[in-house]
Amino acid sequence: MRRRVVIVYVTLLVAGCLGLALPLCVSLAERGTSAMLLDRINDTTRFARIAESAVVTGEAGSLRGELVAYDRLYGITAVVVDREGAVVVSSREGVGPTELGLGTEEVPAAVRTALAGSRAGADTVIWPWDGGALVVAEPVGGAGEVVGAVVTVSPTGALRRSILVQWGVACAVAAAVMVVGIAAAGPLTRWVLRPIIDLEEATRAVSGGSLDARVRTVAGPFELRRLGESFNHMADTIASMLENQRMFVAYAGHQVRNPLAALRLRVDALSPHLTAQGRQGHRLALDEVDRLARVCDSLLTLARAEDAEHSTVREDVSAVAEERVAAWSPIAERIGAELVAEVVPGVRVRCVEGTLDQALDALIDNALKFGGAGARIVVGVAAPVRSAEGGGHVDVHVLDDGPGLPEEQLAAAVRPFWRDGHRGGGGSGLGLSVVVTLLELQGARLTLRPRRPHGVDARVRLPLRAFPDPRAGAVVRPPAAHRRS
């Protein structure tokens, strides 16, 4: 947009300057020629009035003196010819119309025009590139009869130089105007496009998550003010919808947690009264209640995901991985799966508190659910990879050797409410999308890839410097044994 405005502006500026400069140059040449031509016409007309008797009688003594004095004073050659084109008197000896450079004809065209009763040279315009002289021919005669003609030949060097200087001044002024105008193109374009730039900045801020960004609508063109008002209304609507959605999610998660806690206590209280056959179902019921509690925790985390501030800690990734493996091992044993941890000790990153273990919970839960009995699930933490700029990343893998998914379904599995209709297994289809949201809080990302010969490789890549801590020291989360089970 800015480039187009600048191109249009500069094009109009150049066209306007040229449109003024070219007619001005033509006008300067015509005005200079007209002033010189009027002076020569007056002189030639005066000579024509006093030359009639000399042409008729052939006595040109006094007329010759006039012409010679005029030639010496102004450097303008004057010649009087009769009706046949023969020279009667000249301001210079031996100089006639042909010798004056008026052509090689015996009677030049300017002389023939004057002998025909018309003034010659009145419509001439002298241009700087012209090399000829200014020729004016005036008929001599009275009572409607032409008896001869007076021809003046004026050098035009001084006039051409004067016109050229005036043209140079005009072109310099036009060039200066263009330079100033082009220099002002940037600030002028920014001023013209300021409302659009404000709209672009507000749009970029809203798309980046700053839902309180708005466009100023107190100034600018009417159309852009209306566009800004429409954008602000749209941003208000989006912010209201998202706030209502967050409130609903938070309310639902919070309201369900208390009934779930009461349900777990009541189900747990049934344990002494159960038979050996019912204890297996009792454990499964407790597992489902615990899973629902984790879903509520995830809902509350999602509801807080758009908050401006998040508390961050220095997380021991290896310890978190081992802790989650220990927490899920009883469930893995009950379904007949093997869950192990393969970690490099002492790997730490800075992340939002509580997000890494919830992400691992969702990934391990999926691996156990879809891997089934006999599956081997490995939670691995690789050594940090550091870049030359001082950054880097840490990869955490949750690997299973279950049936797996095709690549196109793995790409779709992170979308909300996606389910594998072929394998079944229940679930809400929100687990992986919740993981993605949690990881985005610290600039991390989740990648799902097929594992060979079968299974899924869920890789969590954590940046080493996602959240620089300006405070002295670092907060390190306590070991797994002192945290929640």
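Biologist: In this predicted model, what is the bridge partner of Val379 in S10?
Modeller: The partner is Val398.

Biologist: What makes S8 and S10 a pair?
Modeller: Two strands pair when at least two bridges are found between them. Strand S8, residues 376-381, shares 5 bridges with S10. They therefore count as paired. The sense is antiparallel.

Biologist: How do you know that S9 and S10 pair?
Modeller: Strand S9, residues 385-386, is joined to S10 by 2 bridges. The cut-off is at least two, so the pair counts. These strands run antiparallel. Arg386 has Gly392 of S10 as its bridge partner.

Biologist: Which strand pairs with S10 over 8 bridges?
Modeller: That is S12, residues 456-463, again in the antiparallel sense. Within S12, Val460 is the bridge partner of Val396.

Biologist: Why is S10 called largely enclosed?
Modeller: Strand S10 spans residues 392-400. Of its 9 residues, 8 are buried, so the rest of the structure largely encloses the strand. Buried here means under 20% relative accessible area.

Biologist: Where is Arg459 placed, and why is it said to have no salt bridge?
Modeller: Arg459 is in strand S12. The nearest side chain of opposite charge is Asp395, 4.4 Å away. A salt bridge needs the charged atoms within 4 Å. Therefore Arg459 has none, although it is buried.

Biologist: What does Arg459 touch, not counting residues up to four places away in sequence?
Modeller: Its contacts include Asp395, Val396 and His397. Arg445 and Leu446 are also among them. Contact means heavy atoms within 4.5 Å. So Asp395 can touch Arg459 at 4.4 Å without forming a salt bridge.

Note on methods
Residues are numbered from 1 along each chain as its sequence is written. This is a predicted model: local features need pLDDT of at least 70, side-chain atom pairs count only at pLDDT 80 or more; totals for chains, interfaces and linings use all residues. Side-chain values use heavy atoms; hydrogens and water are left out. Buried means under 20% relative accessible area, exposed over 50%, partly exposed in between (1.4 Å probe, protein chains only). Helices (H or I, at least four residues) and strands (E, at least two) are DSSP runs, numbered from the N terminus. Lys and Arg count as positive and Asp and Glu as negative; His and the chain ends are not counted.
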